[in-house]
Amino acid sequence: MSNLAIINTDEPEHASDLDFDEDERRDLAKEVTSIFKAWKLSTAEQAMVLGINTVGRTTITRFSHGQPLPQNYDLLWRVGNLLAIFYLLRSYNVNNPDKADKWVSTPNVAVNGARPVDLMKSPNGVGSIRAWLEAYGAR
């Protein structure tokens, strides 16, 4: 994974705070699809977590093959939070990256027995999971 800047979960003051050039959006697309692969999410789950309708499944494939993310505020906000979640989980499980990757798809009593990925499918779910991880760690 590259060292791309992680987007803040807070609402930026201006939409232009999430302006990325085409190369940066291409890197972000590759990065997030690599994360999805590590987390072993289905294409449908990937689309839902990104807020793309299920017709957008082919879009996920295009992202993994180098198509840049669109300059879309909601999508870029979600991707930034997904990057943060990935790095937080890996930092909590430095010696066990497999455990970090499985956390997303494992039912967790700390989030009412739900799988974190299912919570991430809701409009604010990705930001909520990131905030929870920042506050409590991966339990």
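This passage describes the fold, the nonpolar core and selected residues of a predicted model. Residues are numbered from 1 along each chain as its sequence is written, and side-chain values use heavy atoms, with hydrogens and water left out. Local features require pLDDT of at least 70 and side-chain atom pairs count only at pLDDT 80 or more, whereas totals for chains, interfaces and linings use all residues.

The protein comprises seven helices and zero strands, with helices (H or I, at least four residues) and strands (E, at least two) taken as DSSP runs numbered from the N terminus. Of its 139 residues, 42% are buried, that is, under 20% relative accessible area, with exposed meaning over 50% and partly exposed in between (1.4 Å probe, protein chains only). Among contacts (heavy atoms within 4.5 Å) between residues at least 6 apart in sequence, 67% join residues at least 24 apart.

The largest nonpolar core (a set of buried Ala, Val, Leu, Ile, Met, Phe, Trp, Tyr and Cys residues joined through side-chain atoms within 4.5 Å) contains 36 residues, and Trp39, Leu50 and Leu82 have the most contacts inside it. Elements that give two or more residues to this core include helix H1 (22-39), helix H4 (73-92) and helix H7 (125-136). H4 supplies the largest share, ten residues. Beyond its neighbours within four places in sequence, Trp39 is in contact with Leu82, Ile85, Phe86, Leu89, Asp101, Val104 and Ser105.

Tyr136 lies in helix H7 and counts as partly exposed because its relative accessibility is 48%. The C-alpha atoms of Tyr136 and Ala110, 26 residues apart along the chain, are separated by 9.6 Å.
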